[in-house]
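Please report on the structure shown below. Cover the sheet, the ligand sites and the metal.

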Amino acid sequence: MSTTILIGAQWGDEGKGKIIDVLTERADWVVRAQGGNNAGHTVEIGAEKFVLHLVPSGILTSGKRCVIGNGVVLDPVALVEEIRGVEARGIAVAGRLFISDRAHVVFPYHCMLDAQGEARRAKGDQIGTTQRGIGPAYADKAARFGLRMGDLVDPEFPVLLKSRVEEKNRVLAAMGAPVVAYDEVLAATRQALATLRPLVCDTVPLLHAAVERGERILFEGAQGIMLDLDFGTYPFVTSSSAGSGGACTGSGVPPNRMDRVVGVLKAYTTRVGEGPFPTELNDAAGEDLRRLGREFGATTGRPRRCGWFDAVVARHAVMTCGVDEWALTKLDVLDTLATLNICTAYELDGRRIAHFPANVREVARCRPVYEELPGWQASTRQVARFADLPENAKRYIARLEQVTGVPVGILSLGPRREQTLILNEDA
Ligand code: GDP
Ligand code: IMO
Ligand code: MG
């Protein structure tokens, strides 16, 4: 398989960074195609722990090349800081990271508008964004008012920036918010560009040539399908296409060149930020999952909301993304639990439904229909062969496969590389 799209099948933080790291060994390129530094992808290698936000996780494997595609929104100052951070830990970036000249730029006014937008929403309407300026940057892209990485290296850049800053300052001032200083934004961007300029190029022909040569490309999805702008719990979503389609539009590699979709699926469910979450546990069981799974945001440190596995969500991912196989993560987190619940359908206003409603007010009224399964109450963290898993763990996996209609191809039993079973060796 030469091109693989990896997506998050829930509300983000499924363990995409870890699975990308494992699959990078079988890839030549790792490509980010949407989102920005709202993402936080954790990779643990031996005693070292990396959290990547904009740089593709493939950078941690020597010799692999990485692309930040046109669909990403990129904060240049944050990116330089991240590059410096990985370089300081002995990872070479020069010559291995390519940034699309079509990627839109996140400026400080986007971050300020993100914070203002949240503060001005009524309680209950707040999204709980990461405040990284993501929504306002994508809004400018759609409004055809954004600036792209290619604009930054253009001699016209100061003029282009000035008109944007003036307009955004009018908006900020009308909100009674502090404005941004044009000179400071220009200076900070130029400073970041000193590092980034050599990395900026047209990544479309670069990836096209790689595909033509039969090189293996791994698309590193960010967020998850339930945060997708179209298919997620709108408006409690991010502003990009987090499903498999986003890999095409965000990279310029067309759909008929994509071979496989891997959905990363946590063995239970988490969500960070606001919005409906049918299987959420607001009790001691939810706290147990948070503690056992160390469920705190990799970007913002916020505690993640936790709940049981939701097959309605997983099937929504299958339908909208065409998932060929699951990478099932964090099964080990369930090791000590006596019983487990799987949500197979919802009850909505007295009716049983098997699909995820579009309307968030309906989603908020959905009551999960659970099936109870026995736990295995044994450690799976050292298990090296599928056959050696406790019988009840195998039963749990088999049931997830049945209710989602998709096989588990990769099983993750801990945060480290070696805590992974590749079940589909053809992959
Ligand atoms: P991402 O955004 O999808 O890359 O996920 P995050 O990095 O935000 O969150 C996943 C967390 O779970 C990280 O702390 C990982 O190190 C950790 N993790 C990933 N896979 C496993 C696993 O199979 N078991 C356990 N216990 N932790 C895991
Ligand atoms: P990774 O790639 C989990 C959530 C935010 C908020 C909503 C909108 O690590 O899985 P935004 O800042 O994008 O406008 O916030 O989306 N969110 C994530 N939640 N994982 C992520 O990324 C997320 N990126 C954004 O918490 O609810
Ligand atoms: Mg994350």
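The report starts with the sheet and then turns to the ligands, the metal and one buried glutamate.

The model is predicted.

**The sheet**

Ten strands form an open sheet with mixed pairing. Their order is 9-7-5-2-10-1-11-15-19-20. Strand 9 (200-201) and strand 20 (420-422) stand at the edges. Each has a single partner strand, so one side of each lacks a neighbour in the sheet.

Strand 5 (residues 65-68) pairs with strand 2 in the parallel sense, over four bridges. Within that pairing, tryptophan 29 has arginine 65 of strand 5 as its bridge partner. Strand 5 also runs parallel to strand 7 (residues 97-100), and three bridges join the two. Here valine 67 stands opposite phenylalanine 98 of strand 7.

**Ligand 1**

Ligand 1 is surrounded by 21 residues. The closest are Lys16, Gly17, Thr42, Asp332 and Ser412. Oxygen atoms of ligand 1 make polar contacts with the side chain of threonine 42, with the backbone of lysine 330 and with the side chain of serine 412. On its own, ligand 1 has 580 Å² of accessible area, and the protein covers 94% of it. Helix 1 and strand 3 are the elements that give two or more residues to the shell around ligand 1.

**Ligand 2**

The surroundings of ligand 2 comprise 20 residues. Asp13, Lys16, His41, Thr130 and Thr238 come nearest. Oxygen atoms of ligand 2 lie within polar-contact distance of the backbone of glutamine 223, the side chain of threonine 238 and the backbone of valine 272. Taken alone, ligand 2 exposes 550 Å², of which the protein buries 98%.

The distances for both ligands are set out here.

| Residue and part | Partner atom | Distance |
|---|---|---|
| Threonine 42, side chain | oxygen of ligand 1 | 2.5 Å |
| Lysine 330, backbone | oxygen of ligand 1 | 2.9 Å |
| Serine 412, side chain | oxygen of ligand 1 | 2.5 Å |
| Glutamine 223, backbone | oxygen of ligand 2 | 2.8 Å |
| Threonine 238, side chain | oxygen of ligand 2 | 2.6 Å |
| Valine 272, backbone | oxygen of ligand 2 | 3.1 Å |

**The magnesium ion**

Which residues coordinate the magnesium ion (ligand 3)? The donors are Asp13, through OD, and Gly40, through O, at 2.0 to 2.2 Å. The pair links distant parts of the chain, 27 residues apart. Aspartate 13 sits in the loop between strand 1 and helix 1. Glycine 40 sits in the loop between strand 2 (29-32) and strand 3 (41-45). Glycine 40 counts as buried because its relative accessibility is 11%, under the 20% cut-off.

Aspartate 13 therefore has two roles in this account: it is a donor to the magnesium ion and one of the residues nearest ligand 2.**Glutamate 14**

Glutamate 14 is in the loop between strand 1 (3-8) and helix 1 (16-24). Is glutamate 14 buried or exposed? Glutamate 14 is buried, because its relative accessibility is 0%.

The side chain of glutamate 14 makes polar contacts. One of its polar atoms lies 2.9 Å from the backbone nitrogen of glycine 12. A polar contact of 2.9 Å also joins the side chains of glutamate 14 and lysine 16. Lysine 16 is in turn among the closest residues to ligand 1 and among the nearest to ligand 2.

Leaving out residues up to four places away in sequence, glutamate 14 touches Gly8, Ala9, Gln223, Gly224, Val264, Leu265, Lys266 and Thr329. One of these, Gln223, has a polar backbone atom 2.8 Å from an oxygen atom of ligand 2.

Definitions and conventions. Residues are numbered from 1 along each chain as its sequence is written. Chains are lettered from A and ligands numbered from 1 in the order in which they are written. This is a predicted model: local features need pLDDT of at least 70, side-chain atom pairs count only at pLDDT 80 or more; totals for chains, interfaces and linings use all residues. Side-chain values use heavy atoms; hydrogens and water are left out. Buried means under 20% relative accessible area, exposed over 50%, partly exposed in between (1.4 Å probe, protein chains only). A polar contact is a pair of N or O atoms within 3.5 Å; within protein, one must be able to donate a hydrogen and the other to accept it, and residues adjacent in sequence count only if both atoms are side-chain atoms. Contact means heavy atoms within 4.5 Å. Donors are N, O and S atoms within 2.8 Å of the metal (3.2 Å for Na, K and Ca); water is not among the atoms, so sites may look incomplete. Two strands pair if DSSP finds at least two bridges between them. A residue is near a molecule or strand if one of its heavy atoms lies within 4 Å of it. Accessible areas come from the Shrake-Rupley method with a 1.4 Å probe; for residues, only the protein chains shown count as cover.
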